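Here are my notes on the model, set out as numbered points for someone who has not met it before.

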Amino acid sequence: MRSWSAPDIPSLDALGLGRGPAPQVHDTAAGAARELDPEGTARMYVCGITPYDATHLGHASTYLAFDLLQRVWRDRGLDVTYVQNVTDVDDPLLERADATGEDWVALAERETELFRTDMTALRIIPPQHYMGAVEAIDLVVALIGRLEEAGAVYRVDDDLYFDVHADPAFGGVSHLDAAVMATVFAERGGDPEREGKKDPLDCLLWLAERPGEPSWDSPFGKGRPGWHVECSAMALHHLGTGFDVQGGGSDLVFPHHEMSASEAQVATGEPFAKAYVHAGMVALDGEKMSKSKGNLELVSRLREAGHDPMAIRLALLGHHYRSDWEWFAGDLEAAEQRLARWRAAVERPAGADAGSLVADVRDAMSSDLDAPRALTIIDEWAATEGTDESAPATVRAVVDALLGVAL
Ligand code: 5CA
Ligand code: ZN
């Protein structure tokens, strides 16, 4: 499906500032930071929205984290092939459409379009391949066929399940023990209690047609894809195996990223991603911001209220991407003041020498995307007077290239 328009990204190299260092990023599977420095092109898949409600600040914060990683890679001189999905057919979407009486396709299209508008306003770099689950049905069917050949598929009634024991590396993303997996699986869309399954953790690959629900033809009968296999199929199709980063919020570590990695690994015999990178959860009123609970602060609502998207972006940048944090309206006021201070500082005819600032911001951003540290470095520069006439333009370019904030 259509992606959204890309922001301009200045090249610091072209401005004579050289190239930045390789990023060190925390890999959930390794439990440690890893250097992510591929040759030539970095390949990244980030799990996209389920479009049954509007983009909230939790979504924005997660996509911002991967936007920052792209900026570090680009500053290093790499190209980035970036893929993102839209889960445009799944239980929560169909349930919402049913509850409100809206056509599920129209609901998904409307919310996906709002998401594109929000991402554009926040200057989030778009994926080159933006693909809906509906568009990927053939890819999913082909992948399930490969899993069948590998002996990893069985039926419960007319539904198809993936046998998690077919993957010797199962558990290698989350490292959770079986009891915790069963609890989390039940909380996040799984069905550990279903009778007829070989293992409670086995996950759905193909859901046979249900009355009143959309379905597609397949060699296994009419139905629709399970959630996890959708992402395995799209990532493998666009990126192949062993791509650099599988990303998303930390609520996707298990079961989603564990299952999609296992399915891909059993089908191909190769590791799925090199690193699994997860953003922390944003809360509101003491609880994880979520469409299902309704405790949301929407990007579109803040924009409509007249807040500058660059201030929204700065407010999100004030929190390290891996931390869980709570949104307070005061964050936005503070970010608006910071934005005004920075804008005034880059409008000055001269400022303090920015030579060490460039290196320091690069160091912060390549050290597990430490945006809060980068903000402090810019704050200090903005608060200092100086006579370097080239410094304001340099700082403007650094803030744009590495933090994505247009001053
Ligand atoms: N469509 C699936 C992924 S294939 C999905 O999780 N959709 S979602 O709409 O629920 O979430 C979209 C992205 O936002 C996911 O990466 C998810 O991890 C992230 N996310 C959801 N809620 C929050 C939150 N409160 N804070 C931070 N990130 C969040
Ligand atoms: Zn996904």
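1. Four donors count as tetrahedral if all angles lie between 85 and 135 degrees, donors being N, O and S atoms within 2.8 Å of the metal (3.2 Å for Na, K and Ca), with water not among the atoms, so that sites may look incomplete. The site of the zinc ion (ligand 2) is tetrahedral, with angles of 104 to 118° among its four donor atoms.

2. This is a predicted model, in which local features need pLDDT of at least 70 and side-chain atom pairs count only at pLDDT 80 or more, while totals for chains, interfaces and linings use all residues. Residues are numbered from 1 along each chain as its sequence is written, chains are lettered from A and ligands numbered from 1 in the order in which they are written, and side-chain values use heavy atoms, with hydrogens and water left out.

3. The protein donors of the zinc ion (ligand 2) are Cys47 (SG), Cys231 (SG) and His256 (NE2), which lie 2.0 to 2.2 Å from the ion, and their spacing in sequence is C-x183-C-x24-H.

4. Cys47 is buried (under 20% relative accessible area, 1.4 Å probe, protein chains only), its own value being 5%, and Cys231 is likewise buried, at 0%.

5. Around ligand 1 there are 24 residues, of which Thr50, Thr62, Thr87, Asp251 and Lys291 come nearest, a residue being counted if one of its heavy atoms lies within 4 Å. Among the polar contacts (pairs of N or O atoms within 3.5 Å), a polar side-chain atom of Thr87 lies 2.7 Å from a nitrogen atom of ligand 1, and a side-chain N or O atom of Asp251 is 2.5 Å from an oxygen atom of ligand 1.

Key. Four donors count as tetrahedral if all angles lie between 85 and 135 degrees; four count as square planar and six as octahedral if opposite donors are over 155 degrees apart and all others between 65 and 115; anything else is irregular. Buried means under 20% relative accessible area, exposed over 50%, partly exposed in between (1.4 Å probe, protein chains only). A polar contact is a pair of N or O atoms within 3.5 Å; within protein, one must be able to donate a hydrogen and the other to accept it, and residues adjacent in sequence count only if both atoms are side-chain atoms.
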